[in-house]
Amino acid sequence: MNSKSASRFWGRFSSLRILASVMLGTLVAGCSGFGGDISLPANAPRVIGPDRDRDHIRLVRAFGGEGRAPQLQQMLTDVTNRLVMATDRPDEAFQVTILNSPVVNAFALPNGRLYVTRGLLALANDTSEVAAVLSHEIAHVTLRHATQRSELQARSDLIEHVAENVLNDAEEAAVAQSQARSTLASFSRAQELEADQTGVKVLARAGFDPFGAPRFLTALGRSGTSSDASTAERNASHPRTDDRVARALQAARRTGMQGTGETGHLAYLTALDSLSYGDDPADGVVKGRRFIHSRLGVAFEAPEGFTLENTSQAVLGASGDGERRLLFDAADTPEGQSLEDVLRSTWTDTVEPGTLTTGTVNGLPVVTALSNGKEWTFRLSAIRIGNTTYRLIMATRGNRGDLEGIFQQTLNSVRQVQPDEARRIRPLKLQIVTAQRGDTAQTLAARMPIDRALEKFLLLNGLDRNAALKVGERYKIVVE
């Protein structure tokens with residue numbers, strides 16, 4: 001599809017795990033999981049100062065703002081300083097920021113800005129695992145990976161430009177573009193492995209347990225359940241997690257520090273206690289297939305089999321096979337604009353004649369319409385609650401017969417949230433508890449007011465399903 005509305009729609013799905021792309025001089029995007037760096041122009045300054053503050057502010061805003069966790073922040077700063085002194089460039093300046101995002105993510109800017117999400121911090125189980133993430137990101141910067149990618153991209157762009165505009169050969173340009181993508185993906189995979197290897201060496205030099213790297217990579221692999229298009233793109237540019245774990249294990253063994261490096265398990269869990277978990281209620285909360293936003297006063301429920309992801313700009317949903325998609329957002333509309341005009345002005349594709357209808361849902365005014373794309377069919381709606389207009393857009397690949405049913409089901413679930421219900425929505429946080437005699441993974445998970453509690457308890461604590469808990473050992477649970 002070449003239309004603007006369809007492009008914007010699928011643009012929202014470009015990353016269910018990363019949640020944002022931002023303008024930092026050029027269009028850039030972070031790397032899901034860990035790690036990666038964000039490419040800036042090759043001549044970008046390498047000092048942290050006023051010239052890059054604007055980029056930092058935009059990036060932090062795109063990921064939900066800064067996470068407020070003073071004890072964790074101090075620990076991350078101390079770990080970063082210790083790692084930098086163990087690199088081949090101890091004179092370079094680095095600064096780490098916690099992002100208020102539940103996704104598992106970490107990345108670096110070429111100027112020495114490091115970022116980790118609270119979702120990543122929740123997944124880690126000791127200081128050496130977080131140090132492994134930071135060491136990996138520092139390696140991307142000290143190895144100048146962003147500059148290398150910028151130079152390779154510039155050469156690829158030049159070849160494509162010559163083929164298309166000088167030789168007037170569109171087919172050759174397409175081939176050049178395909179080859180460039182393949183080369184960049186291969187180059188990125190090589191960079192990831194290089195950063196892994198360098199990161200493990202620095203980790204050991206700094207006195208941390210080098211096996212923290214393969215441990216966290218294993219946890220990262222267990223947490224990576226996304227099946228959307230962004231995952232396929234990431235897989236094209238990143239080595240397989242199993243391969244990274246195996247190589248990181250080899251690198252850790254080569255350090256000769258098995259059983260002697262610092263893990264910092266107790267200190268890390270102490271700092272982690274009370275860290276916010278999951279969605280920030282101020283930005284809406286996803287609970288299974290349900291979404292509720294207390295501040296805006298709106299809620300809806302997705303169809304069976306859908307997974308929802310709450311981003312800073314919209315709620316995104318997808319079926320397990322990716323053949324059905326959902327988007328729910330607030331439309332920026334002029335005061336007094338009709339719902340019919342909202343659909344026409346925010347969806348620039350053709351709305352099928354005769355399909356624009358008005359009605360009500362749970363007492364709320366609504367307008368719906370149909371739009372047929374080349375590969376996808378869209379059902380559109382605009383719903384007004386107070387002074388805010390929301391859009392619910394659903395799509396199926398091809399002309400699937402179930403679109404109308406799942407659209408109407410979801411639309412009928414859109415409702416206004418009353419103040420007393422909104423007040424009952426409480427933020428979730430991590431709590432560190434000590435296992436008592438008789439405690440099991442099942443009994444501790446039962447204390448967690450979240451979906452798939454046992455699965456998430458095991459993931460958060462790096463445990464296998466049949467693992468027995470150790471009396472006196474500390475574990476992470478999620479509480480209100």
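What is the strand order of the open sheet of three strands, and what kind of pairing does it have?

**View 1. A three-stranded open sheet with mixed pairing.** The order is E3-E5-E4 in this predicted model. Strand E3 (95–99) and strand E4 (106–108) sit at the edges, and each of them pairs on one side only. Turn from strand to neighbouring strand and you get 15° on average, ignoring direction.

**View 2. Zooming in on E3 and E5, a parallel pair.** Five bridges hold together E3 and strand E5 (residues 113–117). Look for Val 96, which has Leu 114 of E5 standing opposite. Helix H3 packs on this sheet as well, touching both E3 and E5, and the direction of H3 makes about 145° with that of E3.

**View 3. Helix H11 and its buried residues.** H11 covers residues 265–272, and its buried residues are Tyr 268, Leu 269, Ala 271 and Leu 272. Which side of H11 do they take? They share the same side, because they cover an arc of only 160° around the axis. As for what they pack against, there are three helices and two strands to pick out: H3 (70–85), H4 (118–123), H5 (127–142), E18 (428–434) and E19 (474–479). H3 thus turns up here as well as on the sheet of View 2. Just past the end of H11, have a look at Ser 274, where phi is positive at about 80°.

**View 4. An open sheet of seven antiparallel strands.** Reading across, the strands go E10-E11-E12-E16-E15-E14-E13. What happens at the edges, where strand E10 (306–310) and strand E13 (357–361) stand? Each has a single partner strand, so one side of each is left without a neighbour in the sheet. Neighbouring strands here are turned against each other by 20° on average, again with direction ignored.

**View 5. Inside the seven-stranded sheet, E14 next to E15.** Strand E14 (residues 364–372) and strand E15 (residues 376–385) run antiparallel, with seven bridges joining them. One pair to find is Val 366 with its bridge partner Ile 383 in E15.

**View 6. Helix H12 lying across the strands.** H12 is made of residues 339–346. How many degrees separate the directions of H12 and E15? The helix runs at about 140° to E15. Besides E15, H12 lies across strand E12 (324–331), E13, E14 and strand E16 (388–397). Of these, E13 is the edge strand already met in View 4, and E14 is the one bridged to E15 in View 5.

Technical notes: Residues are numbered from 1 along each chain as its sequence is written. This is a predicted model: local features need pLDDT of at least 70, side-chain atom pairs count only at pLDDT 80 or more; totals for chains, interfaces and linings use all residues. Side-chain values use heavy atoms; hydrogens and water are left out. Buried means under 20% relative accessible area, exposed over 50%, partly exposed in between (1.4 Å probe, protein chains only). The arc is that of the directions from the helix axis to the C-beta atoms. Contact means heavy atoms within 4.5 Å. Two strands pair if DSSP finds at least two bridges between them. Axes are lines fitted to C-alpha atoms, for helices over the stretch in contact, and angles run from 0 to 180 degrees between N-to-C directions.
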